[in-house]
Amino acid sequence: MFTPSPKSQGQDKGKVRKKWRLFHATDFESLLYPCIIFCTIFGLFPYKNIGSTMELSKVGHIVSTIVLVVAGVWGLTILFEVNIAGHIKFDGVPGALQCNCYYILGGVIAVITYVMTKKRILLFQSMLEVSSKLPPELYEKMSKMVHAKDIIGFLFILIQVYNCIFSANYGDFFLKTMSFYFTMLVFQMDMLYMDCVYVLKACLTQLNDNLLSLRELVVSDEPHLLRRIYHEQRNPYLLMELKALKKRHLLLSDTVHLLNTVFSMQVLTTIVMTFAEITFGLYFYIVAWQGERGDVVNLEKQIWFKYYITSVTYYSVKIVLIVWACDTGKDQAMQIGTTVHDVLISTSDKQVKDELQLFSLQILHRENAFTAKGLTVDATLLTAIVGSITTYLLILIQFLVTTQTCKEKLQETA
């Protein structure tokens, strides 16, 4: 676990640990606490706190390494059994293809999570610093959604473990247990990413609000600038505020860049996995609707209750939440640039104008967008995913209808 600095807690004694309460977060640590607990259970959070800093736990890192090695051997064994030995069989090629796709992508995310363990420490330290100025009231408000989604999502996946325990045979149990682990691992890392984005969005919103307050101060003070004494007293204060906001924006930009570096490959893989799973799920449903389910997919090898509903719903809701957080965060970052220009127009003081112009240049050079290997995670991406899946399904439906028509004509001819 990690603990915010005494300054961020607003206490003189930083060694005093605050009692955590569900839906009543007061700082960054308590906001992420449910997610941290779940990550620790699955060996994804090998860290410990020392005062106000965080470092890698040797015991936790060893546990994380062991879990990764076991999962890697387990996953490779299943791929061997499916593709080479043939002990785990699917009724059709699409089912086997889905299994291969899921295990390969899940394995990639597991490796990325392990490789980025040390860099994630730098990210958390930076997040602690930039979020230290957020008021406890705002944290409590954010915790309503953050804690709810983390706990509900965890329980939703945990319920599916029933299908793993009561499997038809040993091979299915072997396959579904590993699928359950990969599903939980991907979910926890996605939620950790989304929580960080949500906090950064709140920091950007606070920065924009501070700029708006500064604009109101500049406008209300404008008539007084003719008075030299008042001008000399107020001008240094405005410049100090602008420099502080500019420095805070730079720190936020560095944190966004670090977040993109740490989670970029993971988010890209998650997007590919989401696209694949939604497409496979809808494909299986359409084919089953045509009465050919047994030739395509083995439902007893899926971990989901009501596979056609829960699987597609889970992946759809998750990608929508991630895109929503990233898109609204990017909008707040863009709004800061607009607000800076509004303040620039509202003042006639040369020194303040110069500082605002430097601020504006800084914003232009530090675009705070949430990306995944150059792919911007926003509403445009979601639109592209929906459009691609829709196009594919329309082609599939047309193909199935044409095939059914041809069969009927051949039967009539016979």
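These legends describe close-up views of a predicted model.

**View 1. Helix H2 and its kink at Pro 34.** Helix H2 covers residues 28–41, 14 residues in total. From first C-alpha to last, H2 reaches 20 Å. That is close to the 20 Å expected at 1.5 Å a residue. H2 nevertheless has a kink of about 50°. The kink is centred on Pro 34.

**View 2. The two ends of H2.** Asp 27 caps the N-terminal end of the helix. One of its side-chain oxygens lies 3.4 Å from the backbone nitrogen of Glu 29. After H2 comes Gly 43. The phi of Gly 43 is positive, near 70°.

**View 3. Burial along H2.** Of the 14 residues of H2, 11 are buried, so the helix is largely enclosed by the rest of the structure. A run from Phe 28 through Glu 29, Ser 30, Leu 31, Leu 32, Tyr 33, Pro 34, Cys 35 and Ile 36 is buried. Phe 38 and Cys 39 are buried too. The kink centre, Pro 34, is thus among the buried residues. Glu 29, whose backbone nitrogen faces the Asp 27 cap, is another.

**View 4. The Phe 45 and Phe 124 pair.** The whole structure holds 22 aromatic pairs. In one of them, Phe 45 and Phe 124 sit 5.6 Å apart, centre to centre. Their planes are 45° apart, which makes the pair tilted. Phe 45 lies in the loop between H2 and strand E1 (47–50), and Phe 124 in helix H5 (residues 117–130), so the pair ties together parts 79 residues apart in sequence. Phe 45 is buried, at 6% relative accessible area. Phe 124 is also buried, at 0%.

**View 5. The Phe 156 and Trp 304 pair.** This aromatic pair is tilted as well, with 35° between the planes. Centre to centre, the rings are 6.1 Å apart. Phe 156 belongs to helix H6 (residues 136–159), while Trp 304 lies in the loop between helix H9 (228–289) and helix H10 (307–346), so the pair ties together parts 148 residues apart in sequence. Phe 156 is partly exposed, with a relative accessible area of 29%. Trp 304 is buried, at 7%.

**View 6. An aromatic cluster.** Six rings form one cluster: Phe 280, Tyr 283, Phe 284, Tyr 285, Tyr 307 and Tyr 308.

**View 7. A lysine over a ring.** Lys 301 lies over the face of Phe 90. The distance to the ring centre is 5.6 Å.

Technical notes: Residues numbered from 1 in each chain as written. Predicted model: local features only at pLDDT ≥ 70, side-chain atom pairs only at ≥ 80, totals over all residues. Heavy atoms only, no water. Helix = DSSP H or I, 4+ residues; strand = E, 2+ residues; numbered from the N terminus. Expected span 1.5 Å × (residues − 1). Bend = angle between axes of the 7 residues up to and from the residue. Buried < 20%, exposed > 50% of the residue type's maximum accessible area, 1.4 Å probe, protein only. Polar contact = N/O pair within 3.5 Å; in protein donor to acceptor, adjacent residues only side chain to side chain. Phe/Tyr/Trp six-rings, centres within 6.5 Å; stacked < 30°, edge-to-face > 60°. Lys NZ or Arg CZ within 6 Å of the ring centre and 35° of its normal.
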